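Subject: Structure for your reading

Dear colleague,

Please find below the structure that I am handing over to you. My notes on what was found in it follow directly after.

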Amino acid sequence: MDIRFEKVSYVYQPNTPFEQRALHEIELNIKEGSYTALVGHTGSGKSTLLQHLNALLKPTAGEVTIGDRIITPTTDNKNLKPVRKKVGIVFQFPEAQLFEETVAKDIAFGPKNFGISEEDAFVLARENLKLVGLDEEYLERSPFELSGGQMRRVAIAGVLAMEPEVLVLDEPTAGLDPLGRKEMMEMFWRLHQEKNMTIVLVTHLMDDVANFADYVYVLEKGQVVKHGEPKKVFEDVAWLKEKQLGVPQATAFAEKMQARGAEFDQLPLTEGELADWILQQAGGNAHDE
Amino acid sequence: MMNKLIFGRYIPGDSLIHRLDPRAKLVASFYFIGIIFLANNWQSYLFLAVFTLFAVFLSKISLSFFLRGVRPLIWLIIFTVALQMLFTRGGTLYWSWGVFSLSSYGIQNGLFIFCRFVLIIFMSTLLTLTTPPLSMSDAIESLLNPLKRFHLPVHEIALMLSIALRFVPTLMDETEKIMNAQRARGVDFNDGNLIQKVKAIVPLLIPLFVSSFNRAEDLATAMEARGYRGGEGRSKYRKLKWANRDTFVLVVFAAATIILIFLRS
């Protein structure tokens, strides 16, 4: 399922002194099965844009095409459920959305809202809890007695249980320890690879973009200022620094080496690529070893 | 939803009204609500209307805001006015049906009540639009201070008030966030009958309560860690200053009262 933005603008509280333009003529194209990253400063409009992906917000101008539905400023709020089922959003700090007595009920809540029977919803709950890396014994526990990281997993399982075609992640690893962060990002990668799930990742971490995404949109002040494959976007290190966005660690390190005379055809994005390059320079071939 | 709520919001500005001492504004607003009941004929209501509009003009805030403040209460106003019109008898009787009647007295009374509502809303909107919430809680603390003698915990009340005011926008944001998260999980907050609507609020209320408890605990810990031990022996960072213009405002209100007494019949 593709999601396409055509000249989408959004203004908060129009015609008041609090009026605020959040998005301006955004053009965006998220292809089925892609892993798209949205990056940009705080206040660049990422979160506003994200709420357009499943029609929580409707554009004040332009149109959003989600699969076969077209959302325009005049679309009414009825019958948006099918859209919301197809696009699952994991909001920032999703643990704040837990409310049921047990983990199982909470995960089953989403599917049940979309008309799946009680038993099937609990089957989904069981499966998805396993998927996010928690044991079955947690099913009957109260979500409020879990640790922060576990709550986050339960909340994500609750979104995954809706079996969305597109999964939108708003800084899913914010506030997690390094191991939890790694596990979670790898879990999303598996979903992307094995179930061919379309993923939209909003993040500040350029390493995650370099490691996982196949397309990047850079937002600034509500506008798309650059987009392309990560390789293309991270090529212009100076531009990214000027925008205070930074580059992946491996790229930053390679750039320092470049300043001291190392020659790259193209700056590496990941540690793997950097290591390959170093091996090559050492005379061997990375894939022969 | 929250975006449309204008009542209780502060619009930064630098008008005469903005610069007034919040205590003066608070006292004047309450005083105004008191004296509005003195008015009982057209001249007195006209005078009050001009008085209020002049205050609105001084605040340099566009009139549309005040009208928007009236909007959420419009049904209440219409309901009250209709009741007055339909159930008051006296003067010329134009129409009657059973207990209902439409008389000149009734119409007059209804219109007076309408004016009263609108003027009170205008004045209180003026107070909230021009006074930052924190100054308001300072003003309340300062005004309640004499009641300390009667063992009223004034400091605690003011503290709770300022914390509550501080967290109103935060909680609003949080409400909106959780609402969005639940809508994304298929909750419909506007659909269905009354019971379904009430049920739909549960996934919103529980997380809000839980996060409020957590927030309260964190805040209490942080306050203790910074040496908060209650009201005794604390100094103040924000000091209220009573200027000549504040006295002047109260004098104007007193003068208005005298004029009203003359105008009323």
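**An exposed loop residue**

A:Lys221 has a relative accessible area of 65%, and so it counts as exposed. Please bear in mind throughout that this is a predicted model. A:Lys221 sits in the loop that links strand 9 (215-220) to strand 10 (223-228) of chain A. Its phi angle is near 45°, which is a positive value in a residue other than glycine.

**The loop between helix 6 and strand 8 of chain A**

A second residue other than glycine with a positive phi value is A:Asn196, where the angle is near 55°. This residue belongs to the loop between helix 6 and strand 8 of chain A. Is A:Asn196 buried, exposed or partly exposed? With a relative accessible area of 47%, A:Asn196 is partly exposed, because the partly exposed class runs from 20% to 50%.

A:Met197 is also placed in the loop between helix 6 (178-194) and strand 8 (198-202) of chain A. Its relative accessibility is 7%, and A:Met197 therefore counts as buried. Which residues does A:Met197 touch, once its neighbours within four places in sequence are left aside? The contacts of A:Met197 are A:Ser34, A:Leu160, A:Pro164, A:Glu165, A:Leu167, A:Leu191 and A:His192. In addition, A:Met197 may be set beside A:Met257: the two are 60 residues apart in sequence, and their C-alpha atoms are 37 Å apart in space.

**Strand pairing in chain A**

Strand 1 (residues 3-12) of chain A takes part in two pairings that I would ask you to trace. With strand 2 (residues 20-30) of chain A, strand 1 pairs in the antiparallel sense, over seven bridges. Within strand 2 of chain A, the residue opposite A:Arg4 is A:Asn29. With strand 4 (residues 61-66) of chain A, strand 1 again pairs in the antiparallel sense, here over five bridges. The bridge partner of A:Arg4 in strand 4 of chain A is A:Thr65.

A:Thr65, which is part of strand 4 of chain A, deserves a closer look. Its relative accessibility is 9%, so A:Thr65 counts as buried. Apart from neighbours within four places in sequence, A:Thr65 is in contact with A:Asp2, A:Ile3, A:Arg4 and A:Ile70. A:Arg4 is thus among the contacts of A:Thr65 as well as being its bridge partner.

In which sense do strand 6 and strand 7 (residues 166-170) of chain A pair? They pair in the parallel sense, over four bridges. The bridge partner of A:Val87 in strand 7 of chain A is A:Val166. On strand 6 (residues 87-90) of chain A, A:Val87 and A:Ile89 point one way, while A:Gly88 and A:Val90 point the other way; all are buried.

**Chain A as a whole**

Chain A contains 11 helices and 10 strands. Its radius of gyration is 21 Å, close to the 19 Å that the globule rule gives for 289 residues, so chain A is as compact as a globular protein of that length. The C-alpha trace of chain A spans about 65 × 50 × 35 Å along its principal axes. Of its 289 residues, 51% count as buried. Among the contacts in chain A with a separation of 6 or more, 60% are between residues 24 or more positions apart. The exposed area of chain A is about 13700 Å², and carbon and sulfur atoms supply 46% of it. Chain A carries 31 positive and 46 negative charges, whose mean positions are 5 Å apart.

**Chain B as a whole**

Chain B has 10 helices and two strands. Along the sequence these elements follow the pattern α-α-α-α-α-β-β-α-α-α-α-α. The radius of gyration of chain B is 23 Å, well over the 18 Å that the globule rule gives for 265 residues, so chain B is more spread out than a compact globule. Its C-alpha atoms fill a box of roughly 70 × 55 × 40 Å along the principal axes.

Of the 265 residues of chain B, 34% count as buried. Where contacts in chain B join residues at least 6 apart in sequence, 70% of them are between residues at least 24 apart. The accessible surface of chain B is about 16300 Å², and 68% of it belongs to carbon and sulfur atoms. Chain B has 28 positive and 15 negative side chains, and the centres of these two sets lie 8 Å apart.

Yours sincerely

Note on methods:
Residues are numbered from 1 along each chain as its sequence is written. Chains are lettered from A and ligands numbered from 1 in the order in which they are written. This is a predicted model: local features need pLDDT of at least 70, side-chain atom pairs count only at pLDDT 80 or more; totals for chains, interfaces and linings use all residues. Side-chain values use heavy atoms; hydrogens and water are left out. The radius of gyration is taken over C-alpha atoms; the globule rule is 2.2 Å times the number of residues to the power 0.38. Buried means under 20% relative accessible area, exposed over 50%, partly exposed in between (1.4 Å probe, protein chains only). Contact means heavy atoms within 4.5 Å. Accessible areas come from the Shrake-Rupley method with a 1.4 Å probe; for residues, only the protein chains shown count as cover. Lys and Arg count as positive and Asp and Glu as negative; His and the chain ends are not counted. The place of a charge is taken as NZ of Lys, CZ of Arg, CG of Asp or CD of Glu. Two strands pair if DSSP finds at least two bridges between them.
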